[in-house]
Amino acid sequence: QSQFSTYWNIFADVVFAHNINIGWTFQQDPDVDIPYEKRFFLGGNSSIRGYEQQMVGPMVNDDGELVPVGGNFRFYTNMEFRFPLYGYLGGEVFMDVGNLWSNFGDAQISDLRTAVGIGLTIETPIGPARIDYGIPLGVDSDIKSSQTHIAIAYVF
């Protein structure tokens with residue numbers, strides 16, 4: 001897996017932050033599945049913020065409930081404008097795009113999931129505490145509700 005992040009000062013204290021993350025895992029023996037705990041998962045406060053934790057990607061129906069099974073190929077990107085508000089308070093406007101697939105060969109651009117949102121940060125001695133509000137767009141906007149995420153540190 002690989003991650004690349006960049007940060008640009010646009011003007012004054014406004015920063016444009018961008019992150020790209022790609023992960024691919026495979027077995028040398030195609031008859032053996034990747035163990036569950038070694039698979040990738042997406043969704044939540046550190047990847048695609050308009051979705052619940054681990055709820056992006058392949059799912060199975062378990063007694064009427066969708067359960068994530070993880071995937072072996074992951075791609076996502078995050079874009080944020082970060083700006084000061086007042087004193088220790090900061091704000092952000094973000095867009096997260098990506099998805100998770102069972103295998104590399106299954107990946108298609110049309111499968112990408114997108115979420116947009118806003119966030120509030122509070123500078124603390126251990127780093128920024130943040131609360132983000134993400135809204136899924138596109139095909140999921142009718143079936144997925146928006147999500148609020150609370151975390152310590154920036155997404156990237």
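A salt bridge is a side-chain nitrogen of Lys or Arg lying within 4 Å of a carboxyl oxygen of Asp or Glu. The model discussed here is predicted, so local features need pLDDT of at least 70 and side-chain atom pairs count only at pLDDT 80 or more, whereas totals for chains, interfaces and linings use all residues. Residues are numbered from 1 along each chain as its sequence is written, and side-chain values use heavy atoms, with hydrogens and water left out.

The structure contains six salt bridges. Three of them are set out below.

| Pair | Closest N to O distance |
|---|---|
| Arg49 and Glu80 | 2.8 Å |
| Arg49 and Glu92 | 3.4 Å |
| Arg130 and Asp132 | 2.3 Å |

Arg49 forms a salt bridge with Glu80. Because Arg49 lies in the loop between β2 (14-24) and β3 (59-62) and Glu80 in strand β5 (residues 73-86), this pair ties together parts that are 31 residues apart in sequence. Arg49 also pairs with Glu92. Glu92 belongs to strand β6 (residues 89-101), so this second pair ties together parts that are 43 residues apart in sequence. Strands here are DSSP runs (E, at least two residues), numbered from the N terminus.

Arg49 and Glu80 are both buried, which means under 20% relative accessible area (1.4 Å probe, protein chains only). Glu92 is likewise buried, and so are Arg130 and Asp132.

These residues also belong to a wider arrangement. Arg49, Glu80, Arg82, Glu92, Asp96, Arg130 and Asp132 are linked in a network of salt bridges.

Technical notes. Helix = DSSP H or I, 4+ residues; strand = E, 2+ residues; numbered from the N terminus. Buried < 20%, exposed > 50% of the residue type's maximum accessible area, 1.4 Å probe, protein only.
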